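Please walk through this protein model with me, from its overall make-up to its strands, its core and its charged pairs. I would like the cut-offs behind each term to be given along the way.

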Amino acid sequence: LFRKGEGVHLERSAMAAAEVFWWKFAAGSGSHLIRVKNPGTDVQEVMLDGAVVEAPPGTLAFTGPAATFLQLEDRGYGQWALLADGAEVSPYVPEGSSSAPSQICWWKLEISGTGTHHVRVKDIGTSRQQVWIDGAPLEAPPGTMTFTGPAACLLELVQRDGTWILTADGYPHHQQNPSADSAPALCWEFDLETGHHTLAARCINESGQQFLLDGTDIQAPAGSLAFTGPGGTLLELRQAEDGAWHLVLEGTSLGAGLASFEAADAPIEAYFEFVVPSTGSQHCLQVSNVGRQGQLVWIDSIHVDCPDGTLMFTGPAGSLLEMKLQDNRWMLYLDGTCVSLPNSGGPRVPVMTGGSLPQGVSIDPDTNKYTAAIRVGGRFKNLGSFDTPEEASRRYQEAKAA
C-alpha cells in the first residue's frame with residue numbers, strides 16, 4: 001500500500017547527481033534495510049531488504065514489514081529522514097561502502113565585546129554534520145544551518161556559488177585555514193641611548209607589508225626595507241641565505257626575528273603525544289624552532305606546510321591544535337582543551353616536551369633518527385638522517401657555511 005506525499009514538488013530531475021540514503025530499522029521479528037536513491041524526484045528508486053519497491057516516482061509514504069508505516073521526510077539542504085511509525089530512524093552506512101572524505105570548514109570572526117572566535121563545521125549540510133565553537137561541540141540536529149553564537153549573535157551557514165560561508169548577524173565571513181593563516185609578525189627587541197625599543201614586521205616584502213616601531217605604525221613606501229629608527233638611526237631588514245629575515249642597525253645585524261617576544265627564551269623544540277577523542281586514535285606533533293623563523297612542523301611524521309611561527313594547526317579528524325606558552329613551557333591544546341597534563345576526568349595520553357636540539361635538527365619519533373634540514377630560497381631541504389644530534393648538527397652547519 002503506497003500513499004503519495006501530499007504537496008510534494010519534484011524539484012530535482014534526472015540531471016541532478018544521484019543521492020543515496022540508507023536506513024536500518026527493526027520491525028516484527030528482525031531488522032530491515034531500506035535504500036533510497038534520489039528521494040523526492042521523478043527518478044526515485046526504493047529498495048527494501050534488497051528488493052525493488054514498486055511505487056510511483058516521488059512516493060514518500062508506504063507500508064513496510066509487519067505493517068510498519070514508513071515515511072520519508074525532506075529536512076531541507078538535501079537531507080532526508082526516515083520515520084517508522086512516527087519515530088525517526090538512524091541513518092545507516094553499509095559495511096565496505098566508500099564514503100567521501102569528511103569536509104571540514106573553518107571560520108575566524110571578531111565579535112564586539114568578546115574578541116576572536118573560531119567556528120569549525122565537519123560534514124557540513126549532511127546527516128553527519130558536527131559544529132564546534134571555540135573548540136566546544138554544539139548540540140544541534142544534523143543539518144542545522146542557524147544557531148546562536150557568542151554574545152547571542154545569530155550565526156548562519158549559507159552556500160553561495162558552491163562555497164559555504166558563515167554569516168554573523170548577517171555579516172558574511174569566508175572560510176579560513178588555520179594552518180595557512182597569514183604569517184605572524186616577526187619581532188625584535190633592542191636597546192639604544194633613547195631606551196628600550198621593539199620592532200614588529202608583517203608580510204615583509206609582500207603585499208600588505210607593515211612595520212610597527214614601539215607600537216606605532218611606520219609610514220614607509222611599499223616594498224621599502226630601510227627606514228629611520230629612534231634617534232635617527234638607520235634600520236634595515238635583510239634576508240639571509242637561509243631565508244630568515246634579520247634586523248640590521250647601522251650596519252650591525254641584531255639577529256633573526258622571532259614570531260613573538262615570549263618565544264625568545266622558550267624551548268625551541270617540542271614533542272607531543274595526544275589522543276583525538278572522536279576517533280580514539282593516538283597521534284604525535286613535533287615542532288622544531290618553535291615560534292621562530294625556520295620553524296618545522298610534523299604531524300605523525302608528515303610535514304605540515306605553514307608560515308613560520310604558526311602555533312595553530314589543523315589536526316587529525318579535523319581537530320584544532322594550538323600551542324601556547326605557559327611558565328616557559330609549550331603546552332598543547334586540542335579543540336580548546338589542554339592535553340599537556342593528565343586529566344582526572346578520563347584517560348588521556350600526557351604530552352612530553354623534549355629537550356632542546358641544535359638549530360636545524362629534529363628527531364623522527366618513529367625511527368629515533370635525527371634529521372638535519374636547512375631553509376633555502378624559502379623552502380626546506382632535507383639534509384639526511386643521523387644517529388646522533390651532533391652528526392645532524394655538523395651536517396647543518398656544513399650546509400649553512402657552503
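The structure holds zero disulfides, a disulfide being a pair of cysteine sulfur atoms within 2.5 Å. Among the cysteines, C105 is buried at a relative accessible area of 0%, and C153 is buried as well, at 4%; here buried means under 20% relative accessible area, exposed means over 50%, and partly exposed lies in between, with a 1.4 Å probe and protein chains only.

This is a predicted model, in which local features need pLDDT of at least 70 and side-chain atom pairs count only at pLDDT 80 or more, whereas totals for chains, interfaces and linings use all residues. Residues are numbered from 1 along each chain as its sequence is written, and side-chain values use heavy atoms, with hydrogens and water left out.

Taken as a whole, the protein has one helix and 36 strands, where helices (H or I, at least four residues) and strands (E, at least two) are DSSP runs numbered from the N terminus. Of its 402 residues, 43% count as buried. Its accessible surface comes to about 21,200 Å², and carbon and sulfur atoms hold 50% of that; the areas come from the Shrake-Rupley method with a 1.4 Å probe, and for residues only the protein chains shown count as cover. Among the contacts with a separation of 6 or more, 39% join residues 24 or more positions apart, a contact being heavy atoms within 4.5 Å.

Strand β2 (residues 20–27) is a suitable place to begin with the strands. In a regular strand the side chains alternate between the two faces of the sheet. Along β2, F21, W23, F25 and A27 point to one face and are buried, while V20, W22, K24 and A26 point to the other face and are not buried. This strand pairs with β3 (residues 30–37) in the antiparallel sense over eight bridges, pairing being assigned if DSSP finds at least two bridges between two strands. Within that pairing, V20 has K37 of β3 as its bridge partner.

A27 also appears in the surroundings of T68, which is found in the loop between β6 (61–63) and β7 (69–76). T68 is buried, with a relative accessible area of 6%, and, leaving aside neighbours within four places in sequence, T68 is in contact with A27, F62, T63, A84 and D85.

Further along the chain, β26 and β27 pair in the antiparallel sense over eight bridges, and V275 stands opposite Q282 in β27. The hairpin of these two strands has four residues between them, and G280 there takes a positive phi near 75°. β27 is mostly covered, six of its eight residues being buried. On to β28, β27 pairs in the antiparallel sense over four bridges, with V297 of β28 as the bridge partner of V287.

Which residues of the largest nonpolar core touch the most other members? In this core of 19 residues they are F274, L285, M323 and L332; a nonpolar core is a set of buried Ala, Val, Leu, Ile, Met, Phe, Trp, Tyr and Cys residues joined through side-chain atoms within 4.5 Å. The elements that give two or more residues to this core are β26 (269–276), β27 (281–288), β28 (296–299), β31 (320–326) and β32 (329–334), and β26 gives the most, with four residues. In soluble globular proteins, nonpolar side chains tend to be buried together. Not counting residues up to four places away in sequence, M323 touches A270, F272, L285, V287, V290, L311, F313, W330, M331 and L332.

Turning to charged pairs, the count comes to two salt bridges, each defined as a side-chain nitrogen of Lys or Arg within 4 Å of a carboxyl oxygen of Asp or Glu. One joins E236 and R238, whose closest N and O atoms are 3.2 Å apart; E236 is partly exposed at 23% relative accessibility, and R238 is partly exposed at 42%. In the other, the side chains of K369 and D387 meet at 2.3 Å, N to O. Because K369 lies in strand β35 (residues 369–376) and D387 in the loop between β36 (379–386) and α1 (389–401), this pair ties together parts that are 18 residues apart in sequence. K369 is partly exposed, with a relative accessible area of 32%.

Finally, I363 has its place in strand β34 (residues 361–364) and is partly exposed, with a relative accessible area of 25%. I363 and S385 are 22 residues apart in sequence, and their C-alpha atoms are 9.0 Å apart in space.
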